[in-house]
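Me: I keep meeting structure words without knowing what earns them. Can we go through a few together, with the cut-offs spelled out?

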Amino acid sequence: MLRGLLDRLYAAGFVLAALALVTIAGLVLVQVLGRVIDKTLLAIGQEPVGIAITSLSELGGFLFVGAVFLALAGTLRSGGHVRVTLLIHSVPPSAARMLSGVALLLALGLCSFALYSAGVQAWDSWAFNAVSFGMAKFPLWLPQTVMVVGLCLFWVALLDEFVTLLRGSVPSFQRAEDGKGVQDGH
């Protein structure tokens, strides 16, 4: 039951990340089409309609950061993060498990620090009504909260993989790497 819930959470992060990327593509498409329409209208002597998305680069940046952070957990479990496995493949399996456990513990520690820092920053932005600097004033706590959610998912995924390792099973990222035939040290 818990396994299914966690897998659905990781999948939801992937889906939300994909939606953020699709939204970026859609917004850019609207902006480009707006320019084409305006140039065409000018070429035929008409007034341009002025289709433009205010602060597109800033909004696109927020959506991209959201996509990156929301995809962290699922990417870990699918073996998509860059891991240098040369050392792990050159030691006995028991030492490799220990090294993987140490790496997961270190990652959990770093993720905990990042999660705490991002959470404090999001809280401060909300408390002080901080907004972005662009023409369109976006409340900064919104994209920062998405970062916090993504880091929470990543923290849970790291803990999930560590517990899997402690139970004597093969972590999902290792199964994914083995399934890809990863033997080149990356």
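Reply: Sure, let's start with handedness: a crossing is left-handed if the near helix is turned anticlockwise from the far one by less than a right angle, and right-handed if clockwise. Helices (H or I, at least four residues) and strands (E, at least two) are DSSP runs, numbered from the N terminus. By that handedness rule, α1 passes α5 in a left-handed crossing, and α4 likewise passes α5 in a left-handed crossing. Keep in mind that the model is predicted: local features need pLDDT of at least 70, side-chain atom pairs count only at pLDDT 80 or more, and totals for chains, interfaces and linings use all residues. Residues are numbered from 1 along each chain as its sequence is written, and side-chain values use heavy atoms, leaving out hydrogens and water.

Me: Why are α4 and α5 called roughly antiparallel?

Reply: Look at the angle. Axes are lines fitted to C-alpha atoms, for helices over the stretch in contact, and angles run from 0 to 180 degrees between N-to-C directions. Under 35 degrees counts as roughly parallel, over 145 as roughly antiparallel, 65 to 115 as roughly perpendicular, and the rest as oblique. The axes of α4 (residues 93-127) and α5 cross at roughly 160° and come within 8 Å, so the pair is roughly antiparallel.

Me: And what makes α1 oblique to α5?

Reply: α1 and α5 pack at an angle of about 140°, with their axes 11 Å apart. That angle makes α1 oblique to α5. Contact means heavy atoms within 4.5 Å, and here R3, L6, L9, Y10 and G13 of α1 meet L153, V156, A157 and D160 of α5.

Me: How do you know that D160 and R3 form a salt bridge?

Reply: The term asks for a side-chain nitrogen of Lys or Arg within 4 Å of a carboxyl oxygen of Asp or Glu. For D160 and R3, the N to O distance is 2.5 Å, so the pair fits the rule. D160 is in α5 (residues 141-166) and R3 in α1 (residues 2-43), 157 residues apart, so this bridge links distant parts of the chain.

Me: What makes R77 part of a salt-bridge network?

Reply: R77 has a salt bridge to D7 at 3.2 Å, N to O, and another to D160 at 3.5 Å. R3, D7, R77, D160 and E161 are linked in a network of salt bridges. Five salt bridges are found in the structure.

Me: Why is D160 called buried, and R3 partly exposed?

Reply: Buried means under 20% relative accessible area, exposed over 50%, and partly exposed in between (1.4 Å probe, protein chains only). D160 sits at 10%, so D160 counts as buried. R3, at 35%, counts as partly exposed.

Me: How do you know which labels suit D7 and R77?

Reply: Same cut-offs. D7 has 32% relative accessibility, so D7 counts as partly exposed, whereas R77 has 16% and is buried.

Me: Which residues of α6 are buried, and what do they pack against?

Reply: The buried residues of α6 (residues 172-180) are S172, F173, Q174, A176 and E177. They pack against α2, α4 and α5.
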